[in-house]
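Work through the exercises below with the structure open. Try each task before reading its solution.

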Amino acid sequence: DRRDNAIENTKEALFRNKSGHCFLLATCPSGRQTPALPVPTQIQTCAQAAAWLAGDDPKKPRRRIMART
């Protein structure tokens, strides 16, 4: 899977290596780095990988907290 992430200003791709490990590749906005972030093998899309890395768990209900500072 590939996508342009307009929010983070990155290009992302989901990559699986020969041993079956899965990584989210995301270009740094400066274009100087491309980290390979490991994600679970059941991840199918860049959006799912980004959500997993952010700590979102689809099996648990999400709490939306709104507050003023």
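**Exercise 1.** State how many salt bridges the structure holds, and identify the partners.

*Solution.*
- Begin with the count: this predicted model holds 2 salt bridges.
- Take Arg3. Its partner is Glu12, with the closest N and O atoms 2.6 Å apart.
- Take Asp4. Its partner is Lys11, and here the closest N and O atoms are 3.0 Å apart.
- Check against the cut-off: a side-chain nitrogen of Lys or Arg must lie within 4 Å of a carboxyl oxygen of Asp or Glu. The Arg3 pair, at 2.6 Å, qualifies. The Asp4 pair, at 3.0 Å, qualifies.

**Exercise 2.** Classify the salt-bridge residues Arg3 and Glu12, then Asp4 and Lys11, as buried, partly exposed or exposed.

*Solution.*
- Arg3 has 29% relative accessibility, so it is partly exposed.
- Glu12 has a relative accessible area of 8%, so it is buried.
- Asp4 and Lys11 are both exposed.

**Exercise 3.** Place Arg2 and list its contacts beyond four places in sequence.

*Solution.*
- Arg2 lies in strand β1.
- Its relative accessibility is 72%, so it counts as exposed.
- With neighbours within four places set aside, Arg2 contacts Glu12, Ala13 and Cys46.
- Ala26 is 24 residues from Arg2 in sequence; their C-alpha atoms are 9.8 Å apart.

**Exercise 4.** Describe the second largest pocket and its lining.

*Solution.*
- The volume is about 160 Å³.
- The lining has 14 residues; Glu8, Glu12, Leu24, Ala26 and Leu37 lie nearest the centre.
- By class, the lining residues are 8 nonpolar, 3 polar and 3 charged.
- β1, β2, β3 and α1 each supply at least two of them.

Definitions and conventions:
Residues numbered from 1 in each chain as written. Predicted model: local features only at pLDDT ≥ 70, side-chain atom pairs only at ≥ 80, totals over all residues. Heavy atoms only, no water. 1 Å grid on protein atoms, 1.4 Å probe; cavity = no way out; pocket = protein on both sides within 12 Å on 5 of 7 lines; lining within 4 Å. Points joined across faces, edges and corners; volume = space filled by probe spheres on them. Helix = DSSP H or I, 4+ residues; strand = E, 2+ residues; numbered from the N terminus. Nonpolar A, V, L, I, M, F, W, Y, C, P; charged D, E, K, R; others polar. Buried < 20%, exposed > 50% of the residue type's maximum accessible area, 1.4 Å probe, protein only. Contact = heavy atoms within 4.5 Å.
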